[in-house]
Amino acid sequence: MGKRAFDVCVSLLVLVVFSPLLLLICYLVIKKIGRPIFFRQSRPGINGQSFELIKFRTMKDIYDEQGRLLPDEERMTKFGSALRRSSLDELPELWNIIKGEMSLVGPRPLLMQYLPLYNKEQSKRHNVRPGITGWAQINGRNAISWKEKFKYDVWYVENRTFFLDLKILFLTFFQVIKKEGISSGTHVTTEAFKGNKNE
């Protein structure tokens, strides 16, 4: 079975099997965080082409007096933090996979504004579809530096195989259970990438 067919079959199966859980999370997001249920944001996919990523909301939209969003730490809710620790907030991305915008395994889709900040080597991470999980995620996730993340991403792009994908999915399961690397240590999510100024 090819990678794309595998991605679609697994995504459809998970969506069907976990549909009661998905409905429960939808209800809890409305009750504890409010509408909208989903967080949507443009992210770069394969070849840097923009697509709309969809996840469950984990933060409230709270603004300061100047109309700017408050820092993540002040908007993150206890329920949202629990969703992130369990990685259940990522489940709606299965729809992105079915649409052909993402894969189960690949470099995580980051922010559009990072595209011009990558060097030539780091840009290779966009030679494949982004993934829900990836080689960087099972090797530290948000607890490692940007340089290390990109090194892992590029290694995956250059060495990817179907069996490597299976290995990553298997190890991701244990990574989620251990709940390691969710934050950067200095930030509730992860610090912004500011380029390769020291190179």
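The exchange below goes through a predicted model of a protein.

Colleague: What does the secondary structure of the protein come to, and in which pattern along the sequence?

Modeller: The model is predicted, and its secondary structure comes to seven helices and four strands. Read along the sequence, these elements follow the pattern α-α-β-β-α-α-α-β-β-α-α.

Colleague: How does the radius of gyration stand against the globule rule?

Modeller: For 199 residues the globule rule gives 16 Å. The C-alpha trace spans about 45 × 45 × 30 Å along its principal axes. The protein is as compact as a globular protein of that length, because its radius of gyration is close to the rule's value, at 17 Å.

Colleague: What share of the contacts between residues at least 6 apart in sequence join residues at least 24 apart?

Modeller: Of the 199 residues, 43% are buried. The accessible surface comes to about 11,200 Å², and carbon and sulfur atoms hold 59% of that surface. Among the contacts in question, the share joining residues at least 24 apart is 69%.

Colleague: Which element gives the largest share of the largest nonpolar core?

Modeller: That core has 26 residues, and V29, F56, Y156 and I168 have the most contacts inside it. Elements giving two or more residues to this core include β2 (50–56), α6 (146–159) and α7 (162–178). The largest share is four residues, and the element that gives them is α2.

Colleague: Which residues does V29 touch beyond four places away in sequence, and how many residues does the other core have?

Modeller: V29 touches G34, P36, I37, F56, R57, F79 and L83, with residues up to four places away not counted. Apart from the largest core lies another, with Y114, W146, F150 and F193 among its members. The number of residues in that other core is six.

Colleague: How do β1 and β2 pair, and which residue in the turn has a positive phi?

Modeller: β1 (residues 38–44) and β2 pair in the antiparallel sense, over seven bridges. Within this pair, S42 stands opposite E52 in β2. The two strands form a hairpin with five residues between them, and the turn residue with a positive phi, of about 60°, is N47.

Colleague: Is D89 buried or exposed, and what is its relative accessible area?

Modeller: D89 lies in the loop between α4 and α5. Leaving out residues up to four places away in sequence, D89 touches K55, F56, T58, L83 and R84. D89 is under the 20% cut-off and therefore buried, its relative accessible area being 2%.

Colleague: Where is I138 found, and what is its relative accessible area?

Modeller: I138 is found in the loop between β4 (131–133) and α6. Residues up to four places away in sequence aside, I138 touches T133, I168, L171, T172 and Q175. Its C-alpha atom and that of Q113, 25 residues apart along the chain, are separated by 25 Å. I138 counts as buried because its relative accessible area is 14%.

Colleague: How buried or exposed are C9 and C26, and how many disulfides does a search of the whole structure find?

Modeller: C9 counts as partly exposed, because its relative accessibility is 43%. C26 is buried, with a relative accessible area of 16%. A disulfide is a covalent bond between the sulfur atoms of two cysteines. A search of the whole structure gives a disulfide count of zero.

Conventions:
Residues are numbered from 1 along each chain as its sequence is written. This is a predicted model: local features need pLDDT of at least 70, side-chain atom pairs count only at pLDDT 80 or more; totals for chains, interfaces and linings use all residues. Side-chain values use heavy atoms; hydrogens and water are left out. A nonpolar core is a set of buried Ala, Val, Leu, Ile, Met, Phe, Trp, Tyr and Cys residues joined through side-chain atoms within 4.5 Å. Buried means under 20% relative accessible area, exposed over 50%, partly exposed in between (1.4 Å probe, protein chains only). Contact means heavy atoms within 4.5 Å. Two strands pair if DSSP finds at least two bridges between them. The radius of gyration is taken over C-alpha atoms; the globule rule is 2.2 Å times the number of residues to the power 0.38. Accessible areas come from the Shrake-Rupley method with a 1.4 Å probe; for residues, only the protein chains shown count as cover. A disulfide is a pair of cysteine sulfur atoms within 2.5 Å.
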